[in-house]
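Here is a short briefing on one protein and its bound ligand. Look over the sequence and the model, then read the points below.

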Amino acid sequence: MRPDVMTETLTLYYHPYSNCAQRVMLALAEKGLTPQKIKINLMANEQLSDHYRAINPKCEVPALVHNNHSITESCTILSYLEQQFPKVSLTPQQPEQAQLMTRWLEKAAQSHEHQVVNFVYANGLGRLPTPEQWRYYEQHVPHRAEFHRKRRLGKAGSDLQQAKSVLDAQFEEIECQLSKTAWLAGSEYSLADIAWYPNAKLLSRLGYDVHPFPYVRQWLRRIEARPAYQAGIKPEMMPLPNWLLRVALRLIRRVGGRF
Ligand SMILES: N[C@@H](CCC(=O)N[C@@H](CS)C(=O)NCC(=O)O)C(=O)O
């Protein structure tokens, strides 16, 4: 532990069901770090407040504030934690495995928008903005306004077959790696597994069929057996069966925004 570590302040802005926030929750738990946690209620649109926008200009969770310095983008936060809190290492010792981990992290950083969000919307589960939220996006959150503009034109998040085939290719790649090594970057559990677990889990809960991927299913179970998962994520998970979660999300879409 660095000498100043006891006086450092660490605050995590998160929502427990956010796959991106879960990456950071897992890494913090693996490292034995216990930040102050501030829940941003996405359902109540707390992310769309001027106060939170000052912390994360993209109005998304997670954000980590370390000694008044705000870090955003979940995969960037993972690398930051690894650099600042190296006592419990989540990087493989062997250089080739460490390089492989970096490649998985780079892909994970692109995956939320291009894989998860597309599938969720194409499957009829993503929330639609109200006119008020839409105005906020247009003024302050251009990437989200752009996504919804494309979605309305049928250019994003509308073709379920296409969204599934992108996921098929991704899950085949993960399955192939896990058929050769215990973890994504080789023989050691690493940030690569932490970055990909929440995506794979969320997609499987929301209707992507992981049955054709036995190594992925075993890997999910092994991660869920880790003390860091049990302490860092599980206590805040909603114990809803998957089918009920999907029904709830479809209802929220119906009664929510229309834009
Ligand atoms: N690329 C970002 C994506 C973060 C993101 O999209 N977070 C979602 C939750 S998973 C969010 O906060 N959405 C805001 C909203 O729904 O308005 C990251 O990896 O941190």
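UniProt, in an unreviewed entry, places the feature "domain: GST N-terminal" at residues 8-89. The model shown is predicted. A second feature in the UniProt record, "domain: GST C-terminal", also from an unreviewed entry, is placed at residues 94-245.

**The two annotated spans**

- Residues 8-89 are 35% helix and 21% strand.
- The end C-alpha atoms of residues 8-89 lie 19 Å apart.
- Residues 94-245 are 70% helix and 0% strand.
- For residues 94-245, the end C-alpha atoms are 41 Å apart.

**Overall build**

- The protein has 11 helices and four strands.
- Its C-alpha atoms fill a box of roughly 50 × 45 × 30 Å, taken along the principal axes.
- The radius of gyration is 18 Å. A compact globule of 259 residues would have a value near 18 Å, so the two agree.

**Where the ligand sits**

- The ligand is surrounded by 15 residues. The closest are Ser18, Gln47, Val61, Glu73 and Ser74.
- Domain 1 (8-84) and domain 2 (95-255) both give residues to this shell, so the ligand lies between them.
- Helix α1 (residues 19-30) gives the most to the shell, with three residues.
- By class, the shell holds six nonpolar, five polar and four charged residues.

**Polar contacts to the ligand**

- Which ligand atom does the side chain of Glu73 approach? A polar side-chain atom of Glu73 lies 2.7 Å from a nitrogen atom of the ligand.
- Gln47 places a side-chain N or O atom 2.7 Å from an oxygen atom of the ligand.
- In Ser74, an N or O atom of the side chain is 2.6 Å from a ligand oxygen atom.
- Taken alone, the ligand exposes 520 Å². The protein buries 88% of that area.

**Backbone points in the loop between α2 and β3**

- Most peptide bonds are trans, and most residues other than glycine have a negative phi. Two places in this model depart from those patterns.
- The peptide bond from Val61 to Pro62 is cis, with omega near 5°. Val61 is also one of the closest residues to the ligand.
- Pro62 is in the loop between α2 (50-55) and β3 (63-66).
- Cys59 is not a glycine, yet its phi is positive, at about 55°.
- Where is Cys59 placed? Cys59 is in the loop between α2 and β3.

Note on methods:
Residues numbered from 1 in each chain as written. Predicted model: local features only at pLDDT ≥ 70, side-chain atom pairs only at ≥ 80, totals over all residues. Heavy atoms only, no water. Near = heavy atom within 4 Å. Polar contact = N/O pair within 3.5 Å; in protein donor to acceptor, adjacent residues only side chain to side chain. Areas by Shrake-Rupley, 256 points an atom, 1.4 Å probe, with all protein chains shown as cover. Helix = DSSP H or I, 4+ residues; strand = E, 2+ residues; numbered from the N terminus. Nonpolar A, V, L, I, M, F, W, Y, C, P; charged D, E, K, R; others polar. Domains from an automatic or database assignment. UniProt positions renumbered as here; feature names shortened; annotations may be inferred. Rg over C-alpha atoms; globule rule 2.2 N^0.38 Å.
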